[in-house]
Each structure stands twice: as structure tokens, then as C-alpha cells.
Amino acid sequence: MLLGTEEDWPTAFEEILRRLGPVEGPDGSKHAFDCERITIEPFNLRDRPRYNLVIDRLAYWYYHPREWLKKVAMMDGVYLLNSPFTFQSMEKHAAYCAMIRLGLKVPETVLVPYKHPVDNDRYAYTASRYNRPFDLDAIAQQIGYPLFMKPYDGGAWRGVSRVRNLTELHAAYDQSGEMLMHLQQAIDYDVFARSLSIGAETMVMRFLPDRPMHLRYAVEHDFLSDQVGVEVVTIGRLVNAFFKWEFNSCETLVAGGEVYPIDYANACPDVALTSLHYYFPWAMKALVKWCVFAMVTGRQAKLDLETDRFFAIADEAGMSYEEKLDAYRDVADAYFDSARYYDFCASKLPHLDELVLDWVAGPDFDRLLVQTVRAVYPAHEHDQFIAHLRGLLDLWVREESARLAAA
Ligand SMILES: Nc1ncnc2c1ncn2[C@@H]1O[C@H](COP(=O)(O)OP(=O)(O)O)[C@@H](O)[C@H]1O
Ligand SMILES: [Mg+2]
């Protein structure tokens, strides 16, 4: 694990892996797992790494480990969640382009030049020669109000504004400074679905973006129709397979049965215990299963994107949107080796559900919960948040016990 400031999920991951013990491969071979937190040190480009797989949570902002990841991916075949070679596509802009190219319903989006020039000696000359004046008002008018102005590479709501009129438009653009901004049609949505994908698995959660962080994921099971649910999962899996991202979260707005993807590129998705709460055990299991599956079955990471796999379907004349989604789903499932993955989990990891249930219901997990709350919240809020999280995790334990008893 290549980590920044997180302690909660890495501790959970280490603990589940330790409790799991050796795993048998499809051919009967035995595989033992060891897990380390990688430290940052000088490295010779010819050094051999001692890892087979790295879960990266750091390289999106820290460039020394990013360059190490590129080296071990290219030279040593180390399996990565996620490959830094597609970080350039981790701005949402590239994902929008891919999704539009694939025929998905991305809201109308325009990229406008910087408000303030980039810090480069050559800018003044280049701009005076090549930057055309443009009519911001006309662009906004064409998209229609309200609209969203937001950075092309955004994350965590940084620089996002909802713009209702000309005055707000100019205020938002003036404030954008050196950020590169999209103007995007606002979707008046019924439901906000946020999905977290880890390898072949996806959890779609109802998201309430206006609530405080710890209340954003609602625990609600049937908030999408079957058809919309499948569409949301398919779009997430499609984008992930397209860019070969194996650990990503995706945001979709559902309005009148139509599915609009708005945020599909999160190199380092939030998996904090305090945000995911009820869904945290699912996320940890999925992460352990996917890493174990990839290693035990010798899954190979490929560096190239092979975009033709998808463009061939996108370009198929006479195919409807629904038919294309079905075809994309097949390609994505093939990329994630989904059938073999589920078969592997059922035959080689049948005890994992019980093991995680025992752990979450026991004192070790509660200690992690308390430590996490103490690390994240100010002292006067500890009791409140400990009770809040315990309540949600108790609910998970009850539902999971019932599920396993029924199965
Ligand atoms: N086109 C849109 N229509 C409606 N709401 C939007 C739209 N774009 C963004 N939003 C709102 O703004 C929030 C932040 O925008 P998003 O694109 O997800 O940026 P970030 O990467 O910062 O999360 C979204 O969670 C959503 O609530
Ligand atoms: Mg978002």
C-alpha cells in the first residue's frame, strides 16, 4: 500500500488479509499474502521491487512515488490499482470525452480558456497571437441557466459553483483564476447515485451531496428501478474498463429515468470508514478479494488502452443506446474477468463473508472505529460520531447475519 494520511481502511485491509490466511489457486496451488506500507526512498531505475501488487493512494499528488509506479509497471510487471499512465485521464475532462465518444448522455459541456494566464514567459506572446476573444455570455446562454462552472480536473467540490445568471457567471469566472473551467448544463435530478467500483464489483449508493460528509451516503436499497440500476452499474464498469481503472468512484444523476454521468474519474476514491460507514465492510471485502484474485490467478496488467474494443461498438450503425450498453457490458465484464472472479470467490473464498462479519461484530473493529473517530473529529464530537457509526455498523451486522443465515 502506498499511502498518504489514511489509517482506517489500511488497518482494515491488513487485518482481513491476515485473518484470511493462505488462499488456494484454481489449480490447487497455495498462496500466502503479506502486506506492507511502502516507504519513499531513492531508487535505482534498475532495482527490482519486492511487491507483486500496489494499491496506490498517494501518487496522484506526490510525484516521486508516481515515477516509481511507472517504473515498476513498465519494467517489473507490478499490478497496480490504479495505473499512473492514465492519470492524465483522471481529470474528468478525459472521461467526459470518452463517454461522449461512446454515446453516453453527458450533459452539454464547454471548456473555456483560463481567466488568468498560466505562469509561463511565453504566454503573453502566444496569447496575443493565438487566443481569440470569446463571448462567455453567449456560451452560457446557449447552455442555459442554471449551469455549473467547475474545474476540468476537479475533486472534492473544489471551485464548483452553480450559476443562475449573468452576474453569477462573471463572478464565478473571475474567481476561477488559474483553474481551467468547464461550463456544464445543470441536470435537475431526482436521484444522485454514487457508485464505488473495485475490480469486478460495484456498489451503487444513494448520495445526498448537500448533507454533511458523514450523512452523504444514505442506507437505502431499492432507490433505483432495476433497469436504471443496471444502466448505472454498466456505465461505471464501462468507463473503468475503458481506462483500466480498477478502483474508482462514479457519480450519476438520474432524471426522469434518464441516466446522466457527471463525475467518473476519481483516482483515489473516498473509502473512509467515516464516509462509507454501512458500506465500509463491503468495500474492504471487495478490495481484498480483487487483490487476492489478481495475484492468485496471475492476472496481467496491460499498459495500453486498446480503445478499439469500445469504439467498434460505438460506431456500430443501427445499434440503439440500450444495445450498445449491453455490448459494452460484455466487453467490460471480459476485461474484469467477472465470471471467473465470482467463481473464484465462491470456490476459494467461501469463508470470507463469515470472517469479516465476525471481525466487524467484534472488539478489534470497534477499536478501529473509535480510533478513527478520534483522529478525524474534534473531542466534543467524539461521542456523537462513535454512536452514529456504531449504529450504522450494527445495522450492517444484523442485515449481514440475516443474509448469511438465509443463504
Ligand atoms: N451538471 C450538473 N448538474 C447538476 N448538479 C451538478 C452538475 N455538475 C455538478 N453538480 C453538483 O456539483 C457537485 C460537484 O461536482 P462534480 O462534477 O462532482 O465535482 P467534484 O469532482 O468536485 O466532485 C456534484 O456532486 C453535484 O452535486
Ligand atoms: Mg463529484
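Which polar backbone atom lies 3.3 Å from an oxygen atom of ligand 1? In this predicted model, the atom in question belongs to Gly155. A polar backbone atom of Ala156 is likewise placed 3.4 Å from an oxygen atom of ligand 1. A side chain also takes part: an N or O atom of Lys92 stands 2.6 Å from a ligand 1 oxygen. Taken on its own, ligand 1 has 540 Å² of accessible area, and the protein covers 97% of that area.

The surroundings of ligand 1 can be described next. The shell consists of 19 residues, of which Lys92, Lys150, Trp157, Gln185 and Glu251 come nearest. Sorted by class, 10 of the shell residues are nonpolar, 5 are charged and 4 are polar. Several strands contribute to this shell: at least two residues each are supplied by strand E6 (147–151), strand E8 (181–185), strand E12 (247–255) and strand E13 (258–263).

Two of these strands lead on to the metal site. The magnesium ion, ligand 2, has its protein donors in Glu251, which appears twice through OE atoms, and in Asp263, which appears through OD. These donors lie 2.1 to 2.7 Å from the magnesium ion. Because Glu251 belongs to strand E12 and Asp263 to strand E13, the pair ties together parts that are 12 residues apart in sequence. Glu251 and Asp263 are both buried. Glu251 thus appears in both descriptions, as one of the residues that come nearest to ligand 1 and as a donor to the magnesium ion.

Definitions and conventions
Residues are numbered from 1 along each chain as its sequence is written. Chains are lettered from A and ligands numbered from 1 in the order in which they are written. This is a predicted model: local features need pLDDT of at least 70, side-chain atom pairs count only at pLDDT 80 or more; totals for chains, interfaces and linings use all residues. Side-chain values use heavy atoms; hydrogens and water are left out. A residue is near a molecule or strand if one of its heavy atoms lies within 4 Å of it. A polar contact is a pair of N or O atoms within 3.5 Å; within protein, one must be able to donate a hydrogen and the other to accept it, and residues adjacent in sequence count only if both atoms are side-chain atoms. Accessible areas come from the Shrake-Rupley method with a 1.4 Å probe; for residues, only the protein chains shown count as cover. Helices (H or I, at least four residues) and strands (E, at least two) are DSSP runs, numbered from the N terminus. Ala, Val, Leu, Ile, Met, Phe, Trp, Tyr, Cys and Pro count as nonpolar, Asp, Glu, Lys and Arg as charged, and the others, Gly among them, as polar. Donors are N, O and S atoms within 2.8 Å of the metal (3.2 Å for Na, K and Ca); water is not among the atoms, so sites may look incomplete. Buried means under 20% relative accessible area, exposed over 50%, partly exposed in between (1.4 Å probe, protein chains only).
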